[in-house]
Amino acid sequence: MTTHRGRWPTRALAATMCVLAHGALGQAPPDGAAPTQSQAPPSASPPETPATSPAPSLAPSLAPSLAPSTSPTSAASADPVAWHTVTGPEMSFTADLPAPPKYTTTEVKTGTGSLYTVHQYLLEQGDAAYIVQMVTYPEDINVSNPRTNLQGGLDNLAKSMEGAKWVSVDWVSHQGLTASDAVGTRSGHAIRSFSVMKGRQVFTLIYAGEPGTARSADVNRFVASLRVSP
């Protein structure tokens, strides 16, 4: 019986995570209306064949030209367990997860009717969920100020957090790009959202798990593994 404990909580958590992640990416710019979503059939596999990467290296094997992370937190992830590397559409990014995720796409509509695709990689593992999402915004989205766009996503996500706010939000530079690293709590779970913006592309990594795990070694490793292509 113990082998089945946590399955329903994990599924509910994963469903919540999908909503949260879409909220982070599907936010409207200051001069636009909030987009609406329409589900598209899930794909059987990611657009690029993922590779398995050994734990000591955070540099994805499919992007050898990208430099490995120099983040201090990456040292905590040097363990013998091999993680799984996913590669985004058109080699736009790579990221490492503890195991192969499920890939789906969702069509999202802007306030003016333009469509764009949310590419999502979801992994449910025990009582935790890992999500990687990527979008390329259409021309009617104002991307002149990346921090404003990322703040809009954080504000949308904050509505679902306990106290309607994040516990902490750090603005950082990731590969020279504007990035936000936020930690909060929702329904008793620790939530961490890490988003990076490059031009019209937004990359978001979200984790949900047991209290106190938002900055654990595995989650730090997950966040540090993101590599945005030049």
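Modeller: Two strands pair if DSSP finds at least two bridges between them. Helices (H or I, at least four residues) and strands (E, at least two) are DSSP runs, numbered from the N terminus. What we have here is a predicted model, in which local features need pLDDT of at least 70 and side-chain atom pairs count only at pLDDT 80 or more, while totals for chains, interfaces and linings use all residues. Residues are numbered from 1 along each chain as its sequence is written, and side-chain values use heavy atoms, with hydrogens and water left out.

Colleague: Before the details, what is the mean pLDDT of the protein chain?

Modeller: pLDDT is the predictor's confidence in each residue, from 0 to 100. Here the chain averages 77, with 65% of its residues at 70 or more.

Colleague: And where does pLDDT stay under 50?

Modeller: Residues 1-8 are one such stretch, and the model gives them three contacts (heavy atoms within 4.5 Å) beyond four places in sequence. Residues 27-78 also stay under 50, although the model has 106 contacts beyond four places in sequence for them. Where pLDDT is low, the predicted coordinates should not be read in detail.

Colleague: How many helices and strands does the protein chain have?

Modeller: The chain comes to three helices and twelve strands. Of the contacts with a separation of 6 or more, 61% join residues that are 24 or more positions apart.

Colleague: What share of the 230 residues is buried?

Modeller: Buried means under 20% relative accessible area, exposed over 50%, and partly exposed in between (1.4 Å probe, protein chains only). By that rule, buried residues make up 49% of the 230 in this chain.

Colleague: Let's take one strand. How many residues of S3 are buried?

Modeller: Five of five, so to speak a full house: strand S3, residues 83-87, is mostly covered. Trp83, Thr85 and Thr87 point one way, His84 and Val86 point the other way, and all are buried.

Colleague: In which sense do S3 and S4 pair?

Modeller: Antiparallel, over four bridges, with S4 spanning residues 93-97. To pick out one bridge by eye, go from histidine 84 to its partner in S4, leucine 97.

Colleague: What should I look at in the hairpin of S3 and S4?

Modeller: Look at the backbone of the five residues between the strands, where glutamate 90 has a positive phi near 55°. Glutamate 90 is not a glycine, and its side of the story at the surface is simple: it is exposed, with a relative accessible area of 77%. Methionine 91 is in the loop between S3 and S4 as well, and its phi is also positive, near 55°, in a residue other than glycine. Methionine 91 counts as partly exposed because its relative accessible area is 35%.

Colleague: On to the rings. How many aromatic pairs does the structure hold?

Modeller: Rings of Phe, Tyr and Trp (its six-membered ring) pair if their centres lie within 6.5 Å; planes under 30 degrees apart are stacked, over 60 edge-to-face and the rest tilted. There are six pairs in this structure. One of them joins phenylalanine 93 and phenylalanine 203, edge-to-face at 5.7 Å centre to centre with 65° between the planes. Phenylalanine 93 lies in S4 and phenylalanine 203 in strand S11, so the pair ties together parts 110 residues apart in sequence. Both of these phenylalanines are buried.

Colleague: Which pair comes next, and why is it edge-to-face?

Modeller: That is tyrosine 130 with phenylalanine 222: the ring centres are 5.1 Å apart and the planes sit at 85°, so the pair is edge-to-face. Tyrosine 130 belongs to strand S7 and phenylalanine 222 to helix H3, so this pair ties together parts 92 residues apart in sequence. Tyrosine 130 is buried at 4% relative accessible area, and phenylalanine 222 is buried at 0%. There is also one aromatic cluster formed by Phe93, Tyr103, Tyr121 and Phe203.

Colleague: How many of the eight residues of H3 are buried?

Modeller: Six; helix H3, residues 217-224, is mostly covered. The buried ones are Val219, Asn220, Arg221, Phe222, Val223 and Ala224. They pack against several strands, including S3, S4, S7 (128-136) and S10 (189-198).

Colleague: Last one: is valine 172 buried, partly exposed or exposed, and why?

Modeller: Valine 172 counts as partly exposed because its relative accessibility is 35%. Valine 172 lies in strand S8, residues 168-174. Leaving aside neighbours within four places in sequence, valine 172 is in contact with Leu177, Thr178, Ala179 and Phe194.
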